[in-house]
Amino acid sequence: MFKYSLVGYDSSPSSQRAFCFAIKLARLSQGRVRVVSALQIIEGGVDTTSLVMTDTSGQRAVELMAELRALAPDADTLVDLEVLHGSPGDILICQVHAHSIDHIVIGHTERGALARWLVGSVSDDVLARAHVPVTVVR
């Protein structure tokens, strides 16, 4: 069984389903869930970016933990939460190596071909680059 699952979380219904799936696995295997939320900064100078990152990360983490507790009341005992800045796919892959993750759980969002081409798909990116099992929850 998996001992440390990673969930990419953005508060969407698909990421909520992925989180709930990972929590069920953690309960069954006496494991843990690492929840990571990626904040992307599109433009701005270095000073602006640093200020935004500092101001939003802490507040976002508090909000996310409250949201996760609403989905799983025992989240405090099973979840490690981190809000990071950057590309979601890159962040998830880096987390695998940095925290000995043995399983990734991500939600799948239905997008049209044009949207996938323009902005890509985090699930496709992670599936292509991960060296651990990946579960895509619909």
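In strand β1, Y4, L6 and G8 point one way while S5 and V7 point the other way, and all of them are buried. The model is a predicted one, and in it β1, which spans residues 4-8, is mostly covered, with five of its five residues buried.

**Pairing of β1 and the sheet**

β1 pairs with two strands. With strand β2 (residues 32-39) it pairs in the parallel sense over five bridges, and with strand β4 (residues 103-107) it pairs in the parallel sense over three bridges. The table sets out these two pairings, each with a residue of β1 and its partner.

| Strand paired with β1 | Residues | Bridges | Residue in β1 | Partner |
|---|---|---|---|---|
| β2 | 32-39 | five | V7 | V35 |
| β4 | 103-107 | three | L6 | I104 |

These pairings belong to an open sheet of five strands in the order β3-β2-β1-β4-β5, in which the pairing is parallel. The edge strands are β3 and β5 (134-137), each of which pairs on one side only. Neighbouring strands of this sheet are turned by 20° against each other on average, with direction ignored. In general, the strands of a sheet pair through backbone hydrogen bonds, either parallel or antiparallel.

**Helix α1**

Between β1 and β2 comes helix α1 (residues 13-29), and these three elements together make a right-handed β-α-β unit. The helix has 17 residues and reaches 24 Å from its first C-alpha to its last, which is close to the 24 Å expected at 1.5 Å a residue. α1 lies across β1, β2, β3, β4 and β5, and runs at about 150° to β4. Its buried residues are S14, S15, A18, F19, A22, I23, L25, A26 and S29. Just after the helix, Q30 takes a positive phi of about 55°.

**Nonpolar cores**

The largest nonpolar core has 19 residues, and those with the most contacts inside it are V7, F19, I23, V33, V35, L68 and V79. Two or more residues of this core come from each of α1, β2, α2 (46-71), α3 (75-78) and β3 (79-85), and α1 gives the most, with five residues. V79 illustrates how these parts meet: leaving aside its neighbours within four places in sequence, V79 is in contact with F19, I23, R32, V33, V35, M65 and L68. A second, separate core of 13 residues includes V36, I93, I104 and V132. V7, whose bridge partner in β2 is V35, is thus listed together with that partner among the residues with the most contacts inside the largest core, whereas I104, which stands opposite L6, is one of the residues of the second core.

**The protein as a whole**

The protein has six helices and five strands, and from the N terminus on its elements run β-α-β-α-α-β-α-β-α-α-β. Buried residues make up 38% of the 138 residues in the protein. Among contacts between residues at least 6 apart in sequence, 74% join residues that are at least 24 apart.

Key: Residues numbered from 1 in each chain as written. Predicted model: local features only at pLDDT ≥ 70, side-chain atom pairs only at ≥ 80, totals over all residues. Heavy atoms only, no water. Buried < 20%, exposed > 50% of the residue type's maximum accessible area, 1.4 Å probe, protein only. Helix = DSSP H or I, 4+ residues; strand = E, 2+ residues; numbered from the N terminus. Pairing = 2+ DSSP bridges. Right-handed = clockwise from strand over helix to strand, strands pointing away. Core = buried A, V, L, I, M, F, W, Y, C linked by side-chain atoms within 4.5 Å. Contact = heavy atoms within 4.5 Å. Axes fitted to C-alpha atoms, helices over the stretch in contact; angles between N-to-C directions. Expected span 1.5 Å × (residues − 1).
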